[in-house]
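User: Could you take a close look at the place where the ligand sits, and at the other hollow spaces as well? I am a first-year student, so please explain each term as you use it.

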Amino acid sequence: MTPYKHISVQPVSGCVGAEIGDVDIADDLDDAVVAEIRRALLDHLVIFFRDQDLRNIERHKAFTRRFGPLFVHPNFNQGQSNPEIVYLTREPGDTAVAGEKWHADTTMMEAPPMGAILHALEVPDHGGDTLFSNQYRAYDTLSDGMKRMLQGLRAVHNDSRVAGPKAGLNSRRSTKVREDPDWRMTENEHPVVRVHPETGRKCLFVNSVYVHRLAGMTAEESAPLLNYLYAHAARPEFTCRFRWRAGSVAFWDNRCLMHLAINDNHMAARRMQRTQIAGTPVLHSGAAPA
Ligand code: SIN
């Protein structure tokens, strides 16, 4: 592997995640540094930075733009002057947190975001960690028979569990989403196995937050296979766990990774500031194994 010249890269588990050092991401970074950060992201799927200061949202947005156009989430932060910034806030007493089930972000979109950059403003002194799971590894460890069965299958993703009048999340948490009667569901189909547009590698691309069924099947018919895949995709050996400090930043590749915000500390505030990077339509995985 080519050594890094501008940053340090320290893996945090056997399979996913690395801590990046020797860089201040609020600076105007040279192209060579940005290229190494992108390489580290592609190699490790989620990269972590410590002791950063992106509280100035223009710095947060500027760092994000080095990796692609900013994505505006359709269900958060309606009407604010900076809709590209999402505040994921837990106040003491909240019983739900945004992202508390395994998911990739915003996969109901025709072109789901390529990634997200999450900056911790205030975190509890214990609890509130985030888990990440490597979906290349999830695909690679399936049997050839299962890989053949998944080839060509598509899943129907929509946002009706996380937004709109039926979601009912706003009464349980401080992070608000659109629940107004004018909200309209967004629904798109994506391949169950996708090809990463930069690495060319195959990965699993289903999650229980957005997927409702397999295309051409009922929810009941789809459930046994989907439930198997959800459990497999979150096997502990595919994961890492990140313990936040104020000033920590996680930057994840939403195309090949799932994540989960652990809902385990009900009495402490946790305040996070997030941007997302626009993605491209999901590529189909091509040929099945022989
Ligand atoms: C998310 O799902 O984007 C939130 C993750 C977190 O707050 O840890």
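Analyst: What follows goes from the ligand outward to the pockets and the cavity. This is a predicted model, in which local features need pLDDT of at least 70 and side-chain atom pairs count only at pLDDT 80 or more, while totals for chains, interfaces and linings use all residues. Residues are numbered from 1 along each chain as its sequence is written, and side-chain values use heavy atoms, with hydrogens and water left out.

The residues around the ligand (those with a heavy atom within 4 Å of it) are L88, G99, H103, D105, L118, T130, W252, H259, A261, R270 and R274. By class, this shell has four nonpolar, four polar and three charged residues, where Ala, Val, Leu, Ile, Met, Phe, Trp, Tyr, Cys and Pro count as nonpolar, Asp, Glu, Lys and Arg as charged, and the others, Gly among them, as polar. Strand 14 (257-261) and strand 15 (270-277) each give at least two residues to the shell; strands here are DSSP runs of E with at least two residues, and helices are runs of H or I with at least four, numbered from the N terminus.

Three side chains of the shell deserve a closer look. A polar side-chain atom of T130 is 2.5 Å from an oxygen atom of the ligand, one of R274 is 2.8 Å from a ligand oxygen, and an N or O atom in the side chain of H103 lies 2.9 Å from an oxygen atom of the ligand. Taken alone, the ligand exposes 260 Å², and the protein buries 98% of that, with areas computed by the Shrake-Rupley method with a 1.4 Å probe.

The ligand sits in the largest pocket, in the sense that more than half of its atoms lie within 2 Å of the grid points of that pocket. On a 1 Å grid over the protein atoms alone, a pocket is an open set of points with protein on both sides within 12 Å along at least five of seven lines, a cavity is a set where a 1.4 Å probe fits but cannot get out, and lining residues have an atom within 4 Å of a point. The largest pocket holds about 620 Å³ of space and is lined by 35 residues, of which V97, A98, G99, E100 and R173 lie nearest its centre. Strand 4 (86-90), strand 14 and strand 15 are the elements that give two or more residues to this lining.

The second largest pocket has a volume of about 170 Å³, and helix 1 (31-44) and helix 3 (135-140) each supply at least two residues of its lining. Finally, a search of the whole structure finds one cavity of 30 Å³ or more. The largest cavity has a volume of about 50 Å³, and its lining includes A104, Q135 and F205.

How values were computed. Polar contact = N/O pair within 3.5 Å; in protein donor to acceptor, adjacent residues only side chain to side chain. Points joined across faces, edges and corners; volume = space filled by probe spheres on them.
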